[in-house]
Structure formats: structure tokens, C-alpha cells
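Hi everyone, thanks for coming. I'd like to walk you through a structure that may be new to you, so please have a look at it on the screen first.

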Amino acid sequence: MLTYSGINRPLFIYQNSNLIELKGSKFTFNKSDDVSKGIIVEQSIELNKGTIIYACSDGYQDQFGGPNNKKFSSGSFKKILQKCAQKEYIEQKYFLNRTIENWRGENEQTDDILVFSLKI
């Protein structure tokens, strides 16, 4: 059983040939006033052997590139994760790296890019 509680970032789970998105809670922090707004929600899902969990920063989706120099987008990222999850686990890092580098082209990297995965 996996319980997830995220703030403004989803967790992706590839299980039974499906990509499941556990959306993060909408939450804001205001350091100057030491005030926070929103409710953090816990979500649980039962995991099977072979399930892959992906956690990521927003850097992959926010990278500019492609033929029209636009952001990669969260929709494109979900499609890439579905393709990625079907590859051998050891190959996934290289697939994700090649994909974003090809997308970025000559553009500078916009933000940090972190994709963390764990196979059950």
C-alpha cells in the first residue's frame, strides 16, 4: 500500500499498463507572514509487483524547445512516461534524457530536471 501526500506536484504510478496520476494538493506558503493556505490530502493506492512509481520536479514539463519553442507540457510528459515505463528499467534514464535533450535543442535548460523512479 502506498500513501501519497504531495504539495502542488503529482505522483505518477505505472501499473497494469496504465498511468495513474495522484495529484498533489493545492497549497501555498507565505514565508513573510508565516501563513499557509490549503488542505493537504492523503491518497492511497495498492501496488502490485512490477509497478513503477515516478516522482518529479516541474523542470521536465517546463523546458522550452520543439519546433515552436514551447514548453514540453504535462500532457506530453505523461505520454513520455507511458512509453518510458514499457522499456527495460535500466534504459528508462537514457530514454528520458534523450527525449528532453532532443526537445530542448539549442535552448538553455530552463529549470532543474528531476525524475525519480522506483520499481516495486
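**Salt bridges and cores**

Let me start with Glu101, which is partly exposed, at a relative accessible area of 31%. Its partner is Arg104: the two form a salt bridge, and their closest N and O atoms are 2.6 Å apart. Both residues sit in helix α2, 3 residues apart, so about one helical turn separates them. Before we go on, please keep in mind that this is a predicted model.

How many salt bridges does a search of the whole structure find? The count is 3. Another of these joins Lys78 to Glu21, with 2.8 Å between the closest N and O atoms. What does that pair tie together? Lys78 belongs to helix α1 while Glu21 belongs to strand β3, residues 18-22, so the bridge links parts that lie 57 residues apart in sequence. As for exposure, Lys78 is partly exposed, with a relative accessible area of 29%, and Glu21 is partly exposed too, at 28%.

Then there is the salt bridge between the side chains of Asp62 and Lys71, at 3.8 Å from N to O. Asp62 is partly exposed, its relative accessible area being 21%. That value is just a step from the cut-off, since buried means under 20%. Lys71 is partly exposed as well, with 42%.

Now let's turn to the inside. In soluble globular proteins, nonpolar side chains tend to be buried together. Here, the largest nonpolar core is made of 16 residues. Which residues have the most contacts inside this core? They are Phe12, Tyr54, Tyr60, Phe77 and Leu81. At least two core residues come from each of these elements: strands β2 (11-15) and β7 (52-56), and helices α1 (74-85) and α2 (92-104). Helix α1 gives the largest share, with 5 residues.

Let me pick out Phe12 from that list. Leaving aside residues up to four places away in sequence, Phe12 touches Leu19, Ile20, Glu21, Ile52, Ile53, Tyr54, Cys56, Phe77, Lys78 and Leu81. You'll recognise Glu21 and Lys78 there: they are the salt bridge partners we met a moment ago, and both are in contact with Phe12.

Apart from the largest core lies another one, of 8 residues, including Leu2, Leu11, Leu22 and Ile53. Ile53 is also among the residues that Phe12 touches.

That's my tour, and I'm happy to take questions.

Key. Residues numbered from 1 in each chain as written. Predicted model: local features only at pLDDT ≥ 70, side-chain atom pairs only at ≥ 80, totals over all residues. Heavy atoms only, no water. Core = buried A, V, L, I, M, F, W, Y, C linked by side-chain atoms within 4.5 Å. Buried < 20%, exposed > 50% of the residue type's maximum accessible area, 1.4 Å probe, protein only. Helix = DSSP H or I, 4+ residues; strand = E, 2+ residues; numbered from the N terminus. Contact = heavy atoms within 4.5 Å. Salt bridge = Lys/Arg side-chain N within 4 Å of Asp/Glu carboxyl O.
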